[in-house]
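Let us take a friendly walk through this model, going from the overall picture to individual strands. Please keep the 3D view open as you read.

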Amino acid sequence: MIACFILWIQAKPIKIKKSHIIPAHVVWAPTVKSKQKTPEHKLPPPDVPRTKPEPPKEKAVSLEKKPLPKTPKKEEEEDRKKQLADALAQIKQQIDDRPIPKDDNFASGPEDKAGTLTSEQIASLQSSPAMDIYKNDIQAIIINNFLWYQSDTHWVTKIEIKLASDGRIVDANVLESSGNISFDQATIRAVKKSSPFPPPPATLIPLFKQETIVFAFRGSQL
Amino acid sequence: MKWSIGLFIIFLWTSPQAKIYIDIDQSSSRAFPIAIVTPTVKNTQDKDLAEVSEVFIDTLRRDLRVMGVFDVISPKGFIEPQKEAGLLKASEINFDHWKKIEAQGLVKGEIKNVADTFVIEMYLHDVTLQKQLTAKRYVGKKDQAREMAHRFGNAVVHALIGEQGVFDTQIAFICNPKGKKELCMMSFNGWNYRKITDYKNIVLSPAWDPLTNSIYFTAFNKKEKPQLYLYQIDRKKILSLTSLPGMVIGLSFDPVSKNIISALTKDGNSEIYLLNRYGDAIKRLTNHRKIDVSASYSPDGKEMVFVSDRDGSEQVYKMNLESQKVTRLTFKGTNNASPAWSPKGDKIAFSGMDTDRKVDIFVMNTDGSNLKRLTYDTGHNEDPTWAPDGNFIAFTSNRTGKSQIYMMRPNGKMQTQLTFKPWDHFMPAWERK
C-alpha cells in the first residue's frame, strides 16, 4: 500500500497525454457518420451499398477499447489532413532511409542490437501516426480478404501473428477461438491470404521485433 | 474510491498493452470464389453415369450461384491438367493450379455405378489452407441426382459459411399465368417450377404446415364463395376444407398449437381470428372498428404480428395471444403490410411505402427498434418471407417489369432473381422446417 502511495505521488505530476489514452486517429475517424434526424413519416435510408464499396481503408482502429463515435469537425479535418500529410512525408522519408534488411527475420536483423524497448517507448510507438497508418493499411487488407456472410452472430476470434521486417508472417496462432469452426477458418484464411503485408516503416521495426500483432475478428458487427 | 482509481491509472500507465491490437469488425463484400469440378466418371462408356454427373454438378453450381454468397468460377478458366483431374485428396492436389485462378474453395469428386445405383463421392477443399473441409458419399438412383446435389450443397455451405443451407427447400407462391391467380411451387433455386391448382380463379395466401408437409391456401370455390384448402405435397392431393365468410388476406399456421390465424371479414370489417386446422373459427382475436389484416405467428406461437389502420395509416402491431395485449411496432411510412416473423424469432420483415411512393422491404427487431430498409430504388418490393434457417428473405419485385420472386440476405445484400416467367408472382411462402 505504501509503495502504491509512493507510485501514486510519483505518477501524479505526469500529465497523461490524450493520445496515450485515446488514439489520435479517433478525432480523424472519417468513417464515423453523424446521426441525421429522420423526419416523421420518412423511413431511414438503406444500409445496403448500391455500388460495390471500396475497401474501408479509412476505418478507424481502436487499440484497446472501441472509441465513442465523434463527429469530425472542419478544423479537425484540416488538422487531420495536415497530420496525414506530415505522417505520409515522414513515412516516405523513413522508407527512403530504411536500411535493406540483410535477413528477412527480425531475429537476425541489424536492429537486434538495439535492445529491448522500454514501456514508454512502446507506448510512444503504439500511438505514433506511423503506427496508425500502418495499422489502417493492414486492417484494410485483412478486411478485403475476410469473406464472412453471417450478420447476426457474435463470434470473436483472435489471431496472433509475428511479423518479419519484410512484412511476411513468420508465426501465427489462434489466441482465442470463437467456438465456431467455420468462423475461425474464415479468419485464418483472411490472415493467410493477406500475407505478406507491406513492410512496416523503419521506426516501427523495433516494436514489431519485440511484440506481436493480434487481429480481433468480431462477427457481431459485420 | 479515489485511491482505487489512482491505482488503476498507475497500473495502466506502468503496464502498457504491448501487443498491437487490430479490430476486424467488417468483412469484404466479395462473394466467396469456389471452383466446382465435374466429378470424374469411372466408366466413361456409361452414358447414364455421364448424365448423372452433369445433372449433379449443374444443380450444385446453380444452387451455390443462386445463393448469392458464392462466386462459382467458370470451368473454362480451370488450368489443372487433365491427368490430375482424378486426384481428389488434399495430399494429392496441386493447389497452386487453383490459387492461380483465385479459387478459395475447391470441389472435386468421382462417380461410379453398381447396377442401377449410383455412388457419388465428393470432396470440398480449402485452397488457402490446403486442407480438406468435408467429404460426403451419396448413394442413389438416377432421378435422385438433384437431391444429392442439394444435400452436398448444404454441406458446402455448412463447412464454409457455418449455416445449414436451404438448397433442399421449396417455395410456394401465387402465379398468374393466364390472368388467373393459381398456387404454384418451385425449388429454392427456381427449378421445378410447377402449377398446383388450375381453378382459373383467384387463389391467395399460401401458408406452410411443416407437420404434414402441406400448404394451406384460400380460393373462390365453384359457387364463387371463399374457401380454405389444404394441398398435401407428398400425396399431391388438394383437400377442400371449410368455406369462409370472406376472402382471406394472410394465413399463418402454428406447428405447436396446430392452429391457424387469419383475417376474416366475418362481422363486417376485417378482424383476425383463431381457426383450428380444419378451418373452423375458434376465437376472435382482434376487435376494432378499423381493419386488421396480415396476421403472422411468432415462431414460438405465443405472439402474432399484424397490420391495422386503427391509428390512421396502416402500421404493424403485435399481440400477445395469451393476454391479447396489443403493441404498436411501426410509426413511420404508410401502407405497411405483410409482416413476417423470422424463424430465429429476433426480427420482423415487412413491406412499407416511403415518401417516394414505392413499396420496399424493411426489417426491425420484434419490439420495433432497429428499423432498416433492405430494398431501395428497385420498383415495388413486397411480401417478404423468411427461409427456414432465417438466413434469407424471399420477396416479390417488379423491378424488371413483371412481378418476379427474388431472394436476399437479411441485411439486403446478395439479391438474386429466382423466377423469370413472363407473368406476375405474388405472396411467396418459403417452406418451414
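A residue is called buried here when its relative accessible area is under 20%. By that cut-off, 55% of the 433 residues of chain B are buried. Keep in mind that this is a predicted model.

Staying with chain B, you will find 4 helices and 31 strands. Its C-alpha atoms fill a box of roughly 80 × 75 × 40 Å along the principal axes. Among contacts in chain B with a separation of 6 or more, 41% are between residues 24 or more positions apart. On the outside, chain B exposes about 18500 Å², with carbon and sulfur atoms supplying 49% of that area. The chain carries 60 positive and 49 negative side chains, and the centres of these two sets lie 2 Å apart.

Now zoom in on one sheet. Strands of a sheet pair through backbone hydrogen bonds, either parallel or antiparallel. In chain B, an open sheet of 4 strands follows the order β10-β9-β8-β31, and the pairing is antiparallel. Strands β10 (194-195) and β31 (424-430) of chain B are at the edges with a single partner strand each, so one side of each has no neighbour in the sheet. Further in, β8 (residues 170-176) and β9 (residues 182-187) of chain B run antiparallel and are joined by 6 bridges. To see one bridge pair, look for B:Phe173, whose partner in β9(B) is B:Cys184.

Finally, turn to chain A and its helix α6 (residues 129-145). With 17 residues at 1.5 Å a residue, α6 of chain A should span 24 Å, and its end C-alpha atoms are 25 Å apart, which agrees. This helix, α6(A), is mostly covered, with 13 of its 17 residues buried.

Conventions
Residues are numbered from 1 along each chain as its sequence is written. Chains are lettered from A and ligands numbered from 1 in the order in which they are written. This is a predicted model: local features need pLDDT of at least 70, side-chain atom pairs count only at pLDDT 80 or more; totals for chains, interfaces and linings use all residues. Side-chain values use heavy atoms; hydrogens and water are left out. Helices (H or I, at least four residues) and strands (E, at least two) are DSSP runs, numbered from the N terminus. Buried means under 20% relative accessible area, exposed over 50%, partly exposed in between (1.4 Å probe, protein chains only). Contact means heavy atoms within 4.5 Å. Accessible areas come from the Shrake-Rupley method with a 1.4 Å probe; for residues, only the protein chains shown count as cover. Lys and Arg count as positive and Asp and Glu as negative; His and the chain ends are not counted. The place of a charge is taken as NZ of Lys, CZ of Arg, CG of Asp or CD of Glu. The expected span of a helix is 1.5 Å times one less than its number of residues. Two strands pair if DSSP finds at least two bridges between them.
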